[in-house]
Amino acid sequence: MIEEIKHEDKLLAMIIHHEYNKPGISFFTPGDLSQQVAYMQHPDGHIIEPHVHNKVVREVHYTQEVLLLRKGKLRVDFYDDERNYLESRILGAGDLILLATGGHGFKVLEEVEMFEIKQGPYAGDGDKTRFMGIADNEIVLPEEEK
């Protein structure tokens with residue numbers, strides 16, 4: 001299952017749940033997004049031809065993160081660019097999320113192990129602005145995640 005979280009037609013995040021399964025190559029992100037996510041499923045013996053990547057100059061204005069949960073349960077809280085809370089989702093082991101725009105915060109619901117992938121080079125504290133998040137009693141989840 002693939003879920004897009006949008007606000008005013010702007011992609012905040014894309015969640016690819018661990019159940020996703022489709023033969024071949026599936027690109028989930030539009031070609032103009034500075035972080036690309038794809039899923040690949042190939043049969044035994046399939047060959048991906050050897051290749052090198054060409055030097056291509058790219059301009060990145062905002063960091064986009066991809067998180068892959070290996071273990072545990074994580075609540076993701078979404079905010080707009082003005083830091084207003086919008087809604088939340090819960091991720092489990094095997095789920096992947098691309099955080100494209102807006103703000104986000106997290107609460108660990110069960111001990112988490114995860115990978116984070118984002119563009120570099122790392123900009124340190126200049127990469128983000130922290131702000132006060134939503135209280136637990138104000139969280140908005142879809143009915144199936146409550």
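How much space lies in the largest pocket? In this predicted model, the figure is about 1200 Å³.

**The largest pocket**

Begin by selecting Thr63, Gly102, His104, Asp127 and Lys128, which are the closest to the pocket centre among its 38 lining residues. Next, colour S5 and S8, each of which supplies at least two residues of the lining. The largest share comes from S8, with 7 residues. Colouring the lining by class then gives 13 nonpolar, 14 polar and 11 charged residues.

**The second largest pocket**

Move to the second largest pocket, whose volume is about 170 Å³. Its lining can be selected in full: Ile16, His17, His18, Tyr20, Phe28, Val37, Ala38, Tyr39, Met40, Leu68, Gly94 and Leu96. Strand S4, residues 38-41, provides the largest share of this lining, 3 residues. By class, the lining of the second largest pocket holds 9 nonpolar and 3 polar residues, and no charged ones.

**The nonpolar cores**

In soluble globular proteins, nonpolar side chains tend to be buried together. To view the largest nonpolar core here, select its 12 residues: Ile5, Leu12, Ala13, Ile15, Leu67, Leu69, Leu74, Val76, Phe78, Leu91, Ile97 and Leu99. At least two residues of this core come from each of S2, S5 and strand S7 (96-99). The greatest contribution to this core is that of S5, with 5 residues.

Now centre the view on Leu69. Leaving aside residues up to four places away in sequence, Leu69 touches Leu74, Leu91, Gly92, Ala93, Gly94, Asp95, Glu113 and Met114. Apart from the largest core lies another core, of 11 residues, including Leu11, Tyr20, Leu33 and Leu96.

**The salt bridges**

Turn next to the charged side chains. The count of salt bridges comes to 10, and three of the pairs are visited below.

Select Arg89 and Glu3, whose side chains meet in a salt bridge at 2.5 Å, N to O. Because Arg89 lies in strand S6 and Glu3 in strand S1, the pair ties together parts that are 86 residues apart in sequence. Both Arg89 and Glu3 are buried.

Then select Asp81 and Lys10, a salt bridge in which the closest N and O atoms are 2.4 Å apart. Asp81 belongs to the loop between S5 and S6 and Lys10 to strand S2, so this pair joins parts 71 residues apart in sequence. Asp81 counts as partly exposed, at 46% relative accessibility, and Lys10 is also partly exposed, with a relative accessible area of 35%.

For another pair, select Arg75 and Asp136, which form a salt bridge at 3.1 Å, N to O. This pair links distant parts of the chain, with Arg75 in strand S5 and Asp136 in the segment after S8, 61 residues apart. Arg75 counts as buried, at 7% relative accessibility, whereas Asp136 is partly exposed, with a relative accessible area of 44%. Extend the selection to Asp77 and Lys107: salt bridges that share partners join Arg75, Asp77, Lys107 and Asp136 into one network.

**Backbone geometry**

The tour ends with the backbone. Most residues other than glycine have a negative phi, and most peptide bonds are trans. Which residues in this model have a positive phi without being glycine?

One of them is Asp9, with phi near 65°. Select Asp9 in the loop between strand S1 (2-7) and strand S2 (10-16). Asp9 counts as exposed, at 75% relative accessibility.

Arg83 is another, with phi near 75°. Arg83 is placed in the loop between strand S5 (65-79) and strand S6 (85-92). Arg83 is partly exposed, with a relative accessible area of 44%.

Which peptide bond is cis, with omega near -5°? Select Gly120 and Pro121: the bond from Gly120 to Pro121 is the one in question. Pro121 lies in the segment after strand S8 (103-118).

Definitions and conventions
Residues numbered from 1 in each chain as written. Predicted model: local features only at pLDDT ≥ 70, side-chain atom pairs only at ≥ 80, totals over all residues. Heavy atoms only, no water. Helix = DSSP H or I, 4+ residues; strand = E, 2+ residues; numbered from the N terminus. Buried < 20%, exposed > 50% of the residue type's maximum accessible area, 1.4 Å probe, protein only. 1 Å grid on protein atoms, 1.4 Å probe; cavity = no way out; pocket = protein on both sides within 12 Å on 5 of 7 lines; lining within 4 Å. Points joined across faces, edges and corners; volume = space filled by probe spheres on them. Nonpolar A, V, L, I, M, F, W, Y, C, P; charged D, E, K, R; others polar. Core = buried A, V, L, I, M, F, W, Y, C linked by side-chain atoms within 4.5 Å. Contact = heavy atoms within 4.5 Å. Salt bridge = Lys/Arg side-chain N within 4 Å of Asp/Glu carboxyl O.
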